Amino acid sequence: MELINRQDLAARRLNELQELKARGRKLAGYFCLYVPVELLRAAGAVPIRLARADYPSSQLGERHLRADACPFCKSSLEKLLSDPLYRLMDMLIFVNTCDMMRRLPELVGTRVSIPVFQLYLPRTAEPFPARIAEFEHQLRRLADFVTRLTGTAIDDQHLQNEIEIGNRLRSALRSIEALRVSPVPLLTTGELFDLISLATLLEPADLLPLIAQIKNRATNQVFNRQPTPPRLLLAGSIIAEEEREVISLLEERAAIVADVICTGARFIEGDITTGSDPFRALAEYYFNRIPCPCRRPNTALFQHIRQLIAERQVQGIVFQTLLYCDPWRFEARDLRRATGLPMLEIDHDYSRQHFEQLRTRIEAFVEILTGAGK
Amino acid sequence: MTGFNFGYQDPVPARITFEEWDDLFQQIPDELIEKFHYFPPNQDAWSKYLFPPQVFAIYGARHLRRLKFDNSLAALRLWGFVNNESERLFRARQIGRRVIAVMGDLGPLAVLVNAFPDCVPFYPDCWWWTPFVMESKVLLETAARLGIGEATCYSRAALGAFAKHSYFPDPDLIIAATGASCDDYSGVENLVARLTGSCLWVETPLRQPENIEPLSDLLVAEYHRVISALEELTGTHLTESALAQSIAQANAVRTMTARLRQLAYQDAVLPALEIMVIEFGCLHYYSDIAEWTAILRHLLATAEYRRQTRQPVVPPEALRLAWLTPPADPLLLTYAEDQGARIVATEYVINQALTLIDQSQPPLTAIARSHIDGSLNGTSRERAEMLIRQAQANRAEGLIISGILGGSHCAMESRLIGSLVREQLQIPVLEFDVAPPNREIDRQTKTRIDAFLELLRSRR
């Protein structure tokens with residue numbers, strides 16, 4: 001039984017967003033998990049994470065970018081020209097995480113006339129006061145940008161409320177995320193990714209009851225899953241909504257019990273401090289998130305991975321990267337060495353051409369982990 | 001007029017081959033060879049560096065055999081000094097100087113390091129030319145074994161150089177700037193930090209024109225950390241006057257470099273290869289600012305003399321090219337000139353190292369401001385405009401973009417910059433990726449350059 005009908009919910013949400021827009025609400029599209037959605041909401045905008053990508057749009061993106069640009073960026077640029085959801089956006093917020101995302105807003109500005117804001121996140125991750133102060137300053141600049149477009153000034157109380165709602169949402173998602181860790185996982189990672197993707201599309205008020213409902217159904221459901229599948233950690237580049245097939249393919253043979261994907265569990269980690277200066281609290285939380293691999297040093301990411309491996313008894317790593325995704329690709333060797341676990345490396349450009357080959361590689365990898373081939 | 005030239009009479013300006021330089025070298029008096037030493041005022045025998053390119057080719061710089069060089073004494077001095085950098089760094093260690101790797105910031109960190117006594121800054125980034133100059137993939141293969149393989153910027157050679165321990169001594173301190181530069185090199189720095197076990201990270205912010213003051217404050221805070229680390233390393237307290245003096249030295253280098261560029265681009269008195277090498281000297285002065293300054297003075301006098309006496313080294317009527325991104329293979333510049341072109345505008349991503357540091361401002365703020373002006377820190381449009389201004393002033397007839405497959409900023413910037421240049425200047429643009437190190441330029445690239453120059457010729 002399917003726990004979540006993401007596509008149906010997304011289609012309904014698209015209609016809702018069209019209505020909201022018609023009523024004058026401003027839609028704020030963003031790409032990266034370092035964007036403080038609480039702030040966007042407090043300024044009266046509707047934040048929507050734009051994490052769709054596929055092969056046809058990536059190919060069309062080569063009209064604007066070289067073939068060796070990141071497939072996600074190529075696809076995003078094309079979707080801003082053609083995808084109905086993307087075209088609803090009243091503003092776009094980018095973060096200078098990797099080089100390609102850092103340069104994408106400029107190209108977007110030459111192709112579409114949507115106001116763009118580039119949030120500068122210090123690339124260095126050590127939390128020195130001047131760095132966090134600058135990031136807080138950046139958040140205030142973002143607030144000015146959004147309020148100019150929405151006409152809604154941000155007051156501290158409203159922002160505090162949004163922070164509390166955000167914390168509740170992350171907490172609820174974390175509690176459901178824990179269901180995939182049990183020996184017979186009660187929730188698949190595919191389902192978790194669906195929920196997280198909905199959390200970036202729907203209003204928290206609509207999503208919280210849905211999470212409770214799903215949690216209830218999941219815990220009471222009798223699963224017909226492999227009793228002791230190999231336990232995997234999924235790492236690597238952003239996984240777009242259209243890429244669920246890869247996760248499904250993995251979950252046919254194994255259980256993904258942990259991930260460090262920015263459209264996965266990294267989105268729901270931690271809570272924002274409440275009761276203090278809300279801008280400061282947002283700056284500290286977002287600056288200090290488990291670092292994207294492009295931040296320096298990114299040792300905290302490795303520590304986080306090692307902790308997940310130990311706590312969740314991970315047996316193998318699936319490391320998937322988009323072609324030309326330097327920040328992740330450069331980590332492959334050290335990740336293998338740091339964890340000492342078998343690792344399956346997959347690089348792709350959203351094409352499905354090698355899907356059957358991938359299936360074979362996954363089967364072989366699982367055989368290695370289970371010793372079935374001996 | 002030979003007063004600037006130590007009594008030596010340069011031949012009529014020409015671009016000469018490796019063999020020709022070897023012959024010419026025989027005519028340089030022994031006492032003149034004795035004059036040039038690195039780390040002045042030191043005059044010890046070990047610090048001589050005036051050798052013909054052949055000496056360096058014997059030690060592995062094989063590609064020198066295929067390049068063409070300016071035939072002046074000043075240019076020979078330049079090449080001897082630049083090719084001698086590895087030796088100079090090992091000597092620095094032997095004579096008790098501290099060797100500081102400054103990575104990724106493209107300019108300002110060397111100014112800070114030079115303000116400390118007996119500290120020698122060097123730029124591992126510039127080892128990206130080594131695989132090409134050596135015609136060897138050893139450094140690239142080493143980088144691949146450490147995690148950075150093909151389809152990445154050739155700057156990965158720097159990682160290989162760290163791992164080999166034979167291109168420069170293990171630094172006393174590694175300072176790595178990251179942020180608004182490029183992912184490829186940030187990845188190199190990250191793996192260097194893991195390989196060596198320590199690294200001082202420095203933030204390089206994105207340029208936001210409406211937000212310069214807070215960004216300067218951030219950079220100043222970063223520089224204070226660098227200064228603390230250097231003070232701890234050297235046991236010396238940095239004084240404001242020492243910093244001001246270092247800024248003045250950097251500005252002297254930048255002023256001379258800017259003038260040399262102008263002379264080369266407008267009067268064709270220096271070839272493209274030498275000018276590229278000179279321009280990169282603004283990053284770290286090839287690990288010896290005192291001698292580098294003297295070399296620039298010598299080059300400048302040579303170039304000014306050629307201008308006054310109307311003795312260009314490249315035909316002024318050659319096809320005028322703008323060039324974006326420094327060619328990893330220096331042979332490309334030699335080839336373009338051999339085929340009847342000359343370079344009149346460049347954007348080699350290091351233009352910030354040419355901007356003068358404002359000596360009327362507090363020193364750290366002034367360094368920060370000049371850093372924020374960096375060409376890679378801003379938008380691609382700003383980079384394009386920088387190039388367009390030069391290209392327009394020097395009447396460039398075409399633009400060559402020499403990219404790198406998988407180089408992150410090349411992938412995102414090249415088309416946009418190319419199209420802006422095409423639109424605003426109405427000139428043709430040729431874009432190609434530089435092939436991996438080899439003896440010769442690959443046939444396809446040669447054909448494309450030939451066809452491009454033919455097109456430019458037909459437009460005259």
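**Notes on a predicted two-chain model**

1. Glu135(B) sits in the loop between helix H7 (130-134) and helix H8 (138-145) of chain B. The model is predicted, and this residue deserves a look at its backbone. Phi of Glu135(B) is positive, about 50°, although the residue is not a glycine. With a relative accessible area of 16%, Glu135(B) is buried.

2. Chain A has a similar item to check. Tyr324(A) is not a glycine, yet its phi is positive, near 65°. Tyr324(A) is placed in the loop between strand S7 (316-322) and H14 of chain A. Its relative accessibility is 19%, and the cut-off for buried is under 20%, so Tyr324(A) counts as buried.

3. Next, cis peptide bonds. In chain A, the bond from Arg296(A) to Pro297(A) is cis, with omega near -15°. Pro297(A) belongs to the loop between H12 and H13 of chain A. In chain B, Pro40(B) and Pro41(B) are joined by a cis peptide bond, with omega about 10°. Pro41(B) lies in the loop between helix H2 (30-33) and helix H3 (53-58) of chain B.

4. Salt bridges come to 62 over all chains. One of them pairs the side chains of Arg289(A) and Glu269(A), at 3.6 Å from N to O. Arg289(A) is in the loop between helix H12 (278-287) and H13 of chain A, and Glu269(A) is in the loop between strand S6 (255-259) and H12 of chain A, so the bridge ties together parts 20 residues apart in sequence. Arg289(A) and Glu269(A) are buried.

5. Arg329(A) and Asp326(A) form a salt bridge with closest N and O atoms 2.7 Å apart. Both belong to helix H14 (residues 326-329) of chain A; they are 3 residues apart, so about one helical turn separates them. Arg329(A) is buried, as is Asp326(A).

6. In chain B, Arg383(B) and Glu413(B) meet through their side chains in a salt bridge of 2.6 Å, N to O. The pair links distant parts of the chain: Arg383(B) is in helix H17 (residues 380-393) of chain B and Glu413(B) in helix H18 (residues 408-425) of chain B, 30 residues apart. Arg383(B) and Glu413(B) are buried. A network is also present in chain A: salt bridges with shared partners join Arg6(A), Arg52(A), Asp54(A), Lys79(A), Asp83(A), Asp194(A), Glu241(A) and Arg244(A).

7. How do H17(B) and H18(B) pack, and at what angle? The angle is about 40°, with the axes 9 Å apart. Angles from 35 to 65 degrees fall in the oblique class, so H17(B) and H18(B) are oblique to each other. Their crossing is right-handed. On the H17(B) side, the contact residues include Arg383(B), Ala384(B), Leu387(B) and Ile388(B); on the H18(B) side, they include Glu413(B), Leu416(B), Ile417(B) and Leu420(B). By class, the residues of this contact divide into 9 nonpolar, 4 polar and 3 charged. Arg383(B) and Glu413(B), the salt-bridge pair, are both among the contact residues.

8. Ala345(B) is in strand S8 (residues 341-347) of chain B. It is buried, with a relative accessible area of 0%. Leaving out residues up to four places away in sequence, Ala345(B) touches Tyr265(B), Leu321(B), Ala322(B), Trp323(B), Leu387(B), Gln390(B) and Ala391(B). Of these, Leu387(B) and Ala391(B) also take part in the contact of H17(B) with H18(B). The C-alpha atoms of Ala345(B) and Gln392(B) are separated by 8.8 Å, with their positions 47 residues apart along the chain.

9. Helix H13 (residues 299-312) and helix H15 (residues 332-339) of chain A pack at about 45°, with axes 11 Å apart. H13(A) and H15(A) are therefore oblique to each other, and their crossing is right-handed. Phe302(A), Ile305(A), Arg306(A) and Ile309(A) of H13(A) contact Asp334(A), Leu335(A), Ala338(A) and Thr339(A) of H15(A). The classes are 5 nonpolar, 1 polar and 2 charged residues.

10. His304(A) is also in helix H13 of chain A. At 18% relative accessibility it counts as buried. Not counting residues up to four places away in sequence, His304(A) touches Val260(A) and Ile290(A).

11. Helix H13 (residues 272-284) and helix H15 (residues 331-338) of chain B pack at about 145°, with axes 8 Å apart. Ala272(B), Leu273(B) and Met276(B) of H13(B) meet Leu333(B), Thr334(B) and Glu337(B) of H15(B). That contact has 4 nonpolar, 1 polar and 1 charged residues.

Methods:
Residues are numbered from 1 along each chain as its sequence is written. Chains are lettered from A and ligands numbered from 1 in the order in which they are written. This is a predicted model: local features need pLDDT of at least 70, side-chain atom pairs count only at pLDDT 80 or more; totals for chains, interfaces and linings use all residues. Side-chain values use heavy atoms; hydrogens and water are left out. Axes are lines fitted to C-alpha atoms, for helices over the stretch in contact, and angles run from 0 to 180 degrees between N-to-C directions. Helices (H or I, at least four residues) and strands (E, at least two) are DSSP runs, numbered from the N terminus. Angles under 35 degrees count as roughly parallel, over 145 as roughly antiparallel, 65 to 115 as roughly perpendicular and the rest as oblique. A crossing is left-handed if the near helix is turned anticlockwise from the far one by less than a right angle, and right-handed if clockwise. Contact means heavy atoms within 4.5 Å. Ala, Val, Leu, Ile, Met, Phe, Trp, Tyr, Cys and Pro count as nonpolar, Asp, Glu, Lys and Arg as charged, and the others, Gly among them, as polar. A salt bridge is a side-chain nitrogen of Lys or Arg within 4 Å of a carboxyl oxygen of Asp or Glu. Buried means under 20% relative accessible area, exposed over 50%, partly exposed in between (1.4 Å probe, protein chains only).
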